Amino acid sequence: MTFAATVLTLYPEMFPGPLGVSLAGRALARGDWSLDTVQIRDFATDKHRTVDDTPAGGGAGMVLKADVLSAAIDHARAQQPDCPVLAMTPRGTPLTQARVRELAAGPGVTVLCGRFEGFDERIFAGRDVEEVSIGDIVLSGGEPAALMLLDACIRLLPGVMGAPSSGSEESFEDGLLEYPHYTRPVEWEGRTIPEVLRSGDHAKIAAWRKHKAEIDTRSRRPDLWERHVGARVPSASGARQETKDQDT
Ligand code: ADE
């Protein structure tokens with residue numbers, strides 16, 4: 001089955017961009033996924049093809065108009081009725097690997113990219129659109145965020161990734177960061193590959209990797225660690241939550 005990506009954008013020339021090369025590019029050429037871009041400006045109704053207007057209440061920048069956006073979304077939905085519509089915005093729900101997995105297992109995605117100050121908020125109530133952020137940073141538009149979302153989905157499509165295990169052992173798959181990697185030379189600038197990785201003892205290596213994944217997650221991403229521990233021991237997490245609530 002082909003994963004259908006539809007991108008609604010004012011800059012269709014940005015696609016496939018980096019997704020036209022390497023793994024994603026070869027998958028596109030093979031037909032593992034398809035790409036359709038929709039020029040939002042084509043849905044403007046005035047002679048100037050206006051897509052934005054000044055923010056109600058004043059302030060800097062311009063806002064994408066709900067009437068133009070809705071026409072573009074309705075057009076894309078008619079083409080791909082089964083694909084969820086995602087709007088890329090820093091106000092959205094942070095994207096997770098779990099959500100990427102769900103999307104990659106589906107028929108495809110329709111991705112709406114904003115520019116300027118963003119979208120007229122009424123579009124989210126007026127249409128079934130999921131607002132998604134790729135992190136607490138502000139990009140100049142949704143296009144680079146859409147490329148990230150699509151890249152994350154495409155690499156999970158059946159047959160796209162070389163080694164089947166490299167998808168399931170990596171960061172975030174069990175709520176932890178991945179363990180660190182090393183390769184030859186054994187010694188580089190006085191630093192050596194950890195002894196255990198050269199031992200040939202697969203059980204010991206697996207135990208070391210699990211331990212490293214845990215301690216690195218705990219120190220680098222306490223937020224992930226909290227969730228991981230909470231998910232493993234629901235009652236302990238519940239108890240901790242109660243304590244926290246009492247403290248505040
Ligand atoms: N557009 C601008 N910034 C963004 C972000 N952080 N995530 C998704 N879309 C965006």
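A polar contact is a pair of N or O atoms within 3.5 Å. The ligand nitrogen that lies 3.0 Å from a polar backbone atom of I134 is such a case, because 3.0 Å falls within that cut-off. The legends that follow describe a predicted model.

**Figure 1. Overview of the chain in the predicted model.** The chain has 248 residues, of which 38% are buried. Its secondary structure consists of nine helices and ten strands. The C-alpha trace extends over about 70 × 55 × 40 Å along its principal axes.

**Figure 2. The ligand and the residues that surround it.** The shell around the ligand is made up of 13 residues, and the closest are T89, I134, G135, I137 and L139. Sorted by class, this shell contains eight nonpolar and five polar residues, and no charged residues. The space that the ligand takes is the second largest pocket. Two elements give two or more residues to the shell, namely β5 (85-94) and β8 (129-133). Strand β5 gives the most, with three residues.

**Figure 3. Polar backbone atoms beside the nitrogen atoms of the ligand.** Three residues are shown here, T89, I134 and L139. A polar backbone atom of T89 lies 3.1 Å from a nitrogen atom of the ligand. For I134, the separation between a polar backbone atom and a ligand nitrogen is 3.0 Å. For L139, a polar backbone atom is likewise found 3.0 Å from a nitrogen atom of the ligand. How much of the ligand's area does the protein bury? Taken alone, the ligand exposes 260 Å², and the protein buries 96% of that.

**Figure 4. The side chain of H228 and the backbone oxygen of D174.** H228 belongs to helix α8, which covers residues 222-232. A polar atom of the H228 side chain lies 3.2 Å from the backbone oxygen of D174. Is H228 buried or exposed? H228 has a relative accessible area of 12% and therefore counts as buried, the limit being under 20%.

**Figure 5. The cis peptide bond from F15 to P16.** Omega of this bond is near 0 degrees. P16 is placed in the loop between strand β1 (3-9) and helix α1 (22-30).

**Figure 6. The cis peptide bond between R184 and P185.** The value of omega for this bond is about 5 degrees. Which elements flank the loop that holds P185? P185 is found in the loop between helix α6 (165-168) and strand β9 (187-188).

**Figure 7. S22, a residue other than glycine with positive phi.** Phi of S22 is near 55 degrees. S22 lies in helix α1. The relative accessibility of S22 is 49%, so this residue counts as partly exposed.

**Figure 8. R49, which has a positive phi although it is not a glycine.** The phi angle of R49 is about 55 degrees. R49 sits in the loop between strands β2 (33-39) and β3 (52-53). With a relative accessibility of 37%, R49 counts as partly exposed, because this value lies between the 20% limit for buried and the 50% limit for exposed residues.

Definitions and conventions: Residues are numbered from 1 along each chain as its sequence is written. This is a predicted model: local features need pLDDT of at least 70, side-chain atom pairs count only at pLDDT 80 or more; totals for chains, interfaces and linings use all residues. Side-chain values use heavy atoms; hydrogens and water are left out. A residue is near a molecule or strand if one of its heavy atoms lies within 4 Å of it. A polar contact is a pair of N or O atoms within 3.5 Å; within protein, one must be able to donate a hydrogen and the other to accept it, and residues adjacent in sequence count only if both atoms are side-chain atoms. Accessible areas come from the Shrake-Rupley method with a 1.4 Å probe; for residues, only the protein chains shown count as cover. On a 1 Å grid over the protein atoms alone, a cavity is a set of points where a 1.4 Å probe fits but cannot get out, and a pocket is an open set with protein on both sides within 12 Å along at least five of seven lines; lining residues have an atom within 4 Å of a point. A molecule sits in a cavity or pocket if more than half of its atoms lie within 2 Å of its grid points. Helices (H or I, at least four residues) and strands (E, at least two) are DSSP runs, numbered from the N terminus. Ala, Val, Leu, Ile, Met, Phe, Trp, Tyr, Cys and Pro count as nonpolar, Asp, Glu, Lys and Arg as charged, and the others, Gly among them, as polar. Buried means under 20% relative accessible area, exposed over 50%, partly exposed in between (1.4 Å probe, protein chains only).
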